[in-house]
Amino acid sequence: MAFENVPAVKVRSGGLSYLFGDYFAVYQQGFEFPKIYNWADLETVTEYRESYVVTTKIRTEDSRVKTDETFTIKKDDFKNLPDFLAARAILEGAIAENPGIVFKHQKRILPTKNKYKIIDIPHDAFVTHGVYNDREINYSNVVLVNTLLGRIFIIAGVIIGVLAAVALMFVFKPTILLKFPLYYSVLVGFSGLTGGVVVYLVGNMFAKSKYTTLLKSDPALGEDITHVVCNEGFGSVETCIYTGSHLLPWDDVRHFIETNYAYIITSNNEPVFWLPKRLFDKKTQAEVGLFIQRRITEGRVDRATLGKTLKAK
């Protein structure tokens with residue numbers, strides 16, 4: 001199981017005690033023995049800003065599966081942040097091992113642990129660690145949004161321009177507008193350009209505020225993070241639970257974006273990896289950038305070749 005070598009964590013929340021380890025155990029006051037669940041017995045795991053809600057399932061005598069119990073574990077009830085991060089890693093590692101568990105989580109900068117695979121990290125890997133800062137994430141997020149949504153800004157401008165053209169038809173008689181086609185065109189073009197700029201600025205404001213929102217929902221952003229890039233995969237894991245044997249494979253990624261402050265790897269137009277450049281010296285920064293670009297390009301070629309092979313068969 002992924003992250004199974006992270007030490008077990010016990011937490012008391014809502015009058016019950018929970019153990020995150022090889023099993024999910026629930027201790028209730030007045031009972032001598034805990035109720036022990038295999039991780040496969042979990043039905044759903046839902047993360048909210050302040051808590052986790054876990055539902056378990058049992059198999060009835062007629063072989064039907066039904067919900068057994070629901071447990072709410074508040075994040076603030078963990079003794080300290082490393083305990084919470086360890087419990088989260090164990091829980092999400094179990095979800096990776098049991099994909100039948102329905103998992104819903106809050107948005108994060110760090111990738112969720114259920115996406116990691118057990119892969120030994122080679123000695124020639126690029127490895128560094130440090131704490132994120134809001135400037136590099138906010139700036140990089142703006143570049144990311146502009147890159148991914150650039151077409152939307154253009155489309156928004158065109159739509160607003162068309163709406164402006166129709167509105168002018170209602171305000172002024174068409175015959176008057178046709179007498180001054182140049183002014184009419186300028187007004188329509190200016191309206192479209194202004195509308196596109198407004199949408200762009202709103203998008204940038206949202207992008208800049210996104211880190212602040214994520215910081216409130218994910219305390220890991222204030223912790224020291226270990227980053228790894230190598231031929232076998234990549235990853236960003238809280239240093240306090242870093243194992244040296246878990247990576248995200250390259251299979252699902254298609255693109256990466258370089259900003260002044262960070263390298264960002266995306267999957268399905270969503271960022272999955274943020275690597276601050278300042279954690280490497282200038283020479284290594286360039287090497288890491290070229291390595292990521294080469295690795296993703298190779299992956300595209302491999303997938304294209306595989307697709308042609310399957311079609312031929």
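How many helices and strands are there in the chain? There are five helices and 16 strands, where helices (H or I, at least four residues) and strands (E, at least two) are DSSP runs numbered from the N terminus.

1. **Ground rules.** This is a predicted model, so to speak with the usual filters: local features need pLDDT of at least 70, side-chain atom pairs count only at pLDDT 80 or more, and totals for chains, interfaces and linings use all residues. Residues are numbered from 1 along each chain as its sequence is written, and side-chain values use heavy atoms, with hydrogens and water left out.

2. **The chain overall.** Of the 313 residues, 44% are buried, meaning under 20% relative accessible area (exposed is over 50%, partly exposed in between; 1.4 Å probe, protein chains only). The accessible surface comes to about 17,800 Å², with 58% of that on carbon and sulfur atoms; the areas are Shrake-Rupley values with a 1.4 Å probe, and for residues only the protein chains shown count as cover. Take the contacts (heavy atoms within 4.5 Å) between residues at least 6 apart in sequence: 59% of them join residues at least 24 apart.

3. **Helix α1.** This one covers residues 81-97, and its length checks out: at 1.5 Å a residue the 17 residues should span 24 Å, and the end C-alpha atoms are indeed 24 Å apart. The expected span here is 1.5 Å times one less than the number of residues. At the N-terminal end, Asn80 acts as a cap, with a side-chain oxygen 2.8 Å from the backbone nitrogen of Asp83. That falls under polar contacts (N or O atoms within 3.5 Å; within protein, one must be able to donate a hydrogen and the other to accept it, and residues adjacent in sequence count only if both atoms are side-chain atoms).

4. **What covers α1.** Twelve of its 17 residues are buried, so the helix is mostly covered by the cut-off above. Arg88 and Glu92 are on the buried list, alongside residues including Phe84, Leu85, Ile90 and Leu91. The buried residues pack against β1 (9-13), β2 (16-20), β5 (42-47), β6, β8 and β12 (233-238).

5. **The four-stranded sheet.** Two of those packing partners, β6 and β8, turn up again in an open sheet with the order β7-β6-β5-β8 and mixed pairing. Its edge strands, each pairing on one side only, are β7 (65-74) and β8 (102-104). Neighbouring strands are turned by 10° against each other on average, direction ignored; axes are lines fitted to C-alpha atoms (for helices, over the stretch in contact), and angles run from 0 to 180 degrees between N-to-C directions. Eight bridges hold β6 (residues 51-59) and β7 in an antiparallel pair, with Arg59 opposite Val65. Pairing here requires at least two DSSP bridges between the strands.

6. **Two hairpins in a row.** β2 and β3 (residues 24-28) pair antiparallel over five bridges, with three residues between them in the hairpin and Leu16 opposite Gln28. β3 then runs antiparallel to β4 (residues 35-37) over three bridges, where Ala25 faces Ile36. This second hairpin has six residues between its strands, and Gly30 in the turn has a positive phi of about 95°.

7. **Pro122.** Look in the loop between β9 (117-118) and β10 (126-130). Pro122 is partly exposed at 24% relative accessible area and touches Cys230 and Glu232, not counting residues up to four places away in sequence. Ser245 is 123 residues away in sequence, yet 9.3 Å away in space, C-alpha to C-alpha.
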